[in-house]
Amino acid sequence: SGQLINEFDYGTFVYNKAIQLNSNPEDSMMVIFLNARKYYQENVDFDSGEMGKTFETLDDARASGFMEGYSEEGTVSPICDLTVLLALPDGHEGEFEHEGVQLVRALWSVKSGAYSTVAKKLASACILGHLKGRKTLEGAWELSVFEKSKGKNSWNVPTISSLGLVADHADLGENFTNFLRNEDI
């Protein structure tokens with residue numbers, strides 16, 4: 001999004017504003033979520049260049065006079081900071097290496113539509129699904145995008161779908177699970 005559209009293919013994922021991770025928007029990629037932090041952020045006009053105030057809980061935001069909403073002045077929206085583990089394309093050096101694959105940690109903040117299609121799915125898996133009672137890093141996820149339109153505008157929305165547990169994944173297995181446990185990730 002933004003100025004990155006001038007340098008990278010539309011709909012692809014980019015790490016650190018420098019490395020395109022997938023060849024085209026139709027290519028999904030595997031991610032592993034290391035941790036997540038939900039909070040609330042004041043909604044401010046996008047063109048203002050300002051960052052809205054943040055609150056740890058909705059109750060904290062309400063105590064400061066805000067209501068939950070998605071774009072109106074005086075409202076806050078949920079946002080989630082996700083630390084993810086990503087594989088880099090060949091030719092790039094990462095923080096970690098596992099069986100010849102270069103890996104990096106990345107911070108990814110999701111809000112709005114991405115909050116619903118990413119953070120809510122991850123939270124559901126941790127509360128009720130296959131990650132209940134487990135660490136987030138024990139799950140493997142497929143990350144992809146779909147295009148959404150409203151009027152003349154269209155944009156890509158990221159979404160995730162479960163690939164199951166890392167330990168049960170054919171390409172990762174117990175060896176990768178041990179790597180995750182033993183590294184300082």
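**Close-up 1. Contacts of Val101 in this predicted model**. Leaving aside residues up to four places away in sequence, Val101 touches Ala87 and Phe96. Val101 belongs to strand S8, and the C-alpha atoms of Val101 and Ala87 lie 6.6 Å apart, although 14 residues separate the two in sequence. The relative accessible area of Val101 is 35%, which lies between the limits of 20% and 50%, so Val101 counts as partly exposed.

**Close-up 2. The second largest pocket and its lining**. The space in this pocket comes to about 390 Å³, and among its 15 lining residues those closest to the centre are Met30, Ala87, Val101, Leu103 and Leu172. At least two residues of the lining come from each of strand S3 (29-42), strand S6 (75-87) and strand S8 (101-111). By residue class, the lining consists of eleven nonpolar, two polar and two charged residues.

**Close-up 3. The largest nonpolar core**. This core holds 27 residues, and those with the most contacts inside it are Tyr15, Leu21, Phe33, Leu82, Leu86 and Trp141. Two or more residues are given to the core by each of S3, S6, S8, helix H2 (112-127), strand S9 (139-150) and strand S10 (153-165), and H2 gives the most, with six residues. When residues up to four places away in sequence are not counted, Tyr15 touches Leu21, Leu86, Leu88, Val104, Arg105 and Ala106. A second, separate core has twelve residues, including Ile32, Ala140, Val166 and Phe179.

**Close-up 4. Two loop residues with positive phi, Lys17 and Glu99.** Most residues other than glycine have a negative phi. Lys17, in the loop between strand S1 (14-15) and strand S2 (19-20), has a positive phi near 55°, and Lys17 is exposed because its relative accessible area of 63% is over 50%. Glu99, which is not a glycine either, has a positive phi of about 50° and sits in the loop between strand S7 (96-98) and S8. With a relative accessibility of 58%, Glu99 also counts as exposed.

**Close-up 5. Confidence along the chain**. The average pLDDT of the chain is 90, and 99% of the residues score at least 70. Among the elements, helix H1 (residues 58-63) has the highest mean pLDDT, at 97, whereas helix H3 (residues 173-182) has the lowest, at 81. Where pLDDT is low, the predicted coordinates should not be read in detail.

Definitions and conventions:
Residues are numbered from 1 along each chain as its sequence is written. This is a predicted model: local features need pLDDT of at least 70, side-chain atom pairs count only at pLDDT 80 or more; totals for chains, interfaces and linings use all residues. Side-chain values use heavy atoms; hydrogens and water are left out. pLDDT is the predictor's confidence in each residue, from 0 to 100. Helices (H or I, at least four residues) and strands (E, at least two) are DSSP runs, numbered from the N terminus. On a 1 Å grid over the protein atoms alone, a cavity is a set of points where a 1.4 Å probe fits but cannot get out, and a pocket is an open set with protein on both sides within 12 Å along at least five of seven lines; lining residues have an atom within 4 Å of a point. Grid points are joined across faces, edges and corners, and a volume is the space filled by probe spheres set on the points. Ala, Val, Leu, Ile, Met, Phe, Trp, Tyr, Cys and Pro count as nonpolar, Asp, Glu, Lys and Arg as charged, and the others, Gly among them, as polar. Buried means under 20% relative accessible area, exposed over 50%, partly exposed in between (1.4 Å probe, protein chains only). Contact means heavy atoms within 4.5 Å. A nonpolar core is a set of buried Ala, Val, Leu, Ile, Met, Phe, Trp, Tyr and Cys residues joined through side-chain atoms within 4.5 Å.
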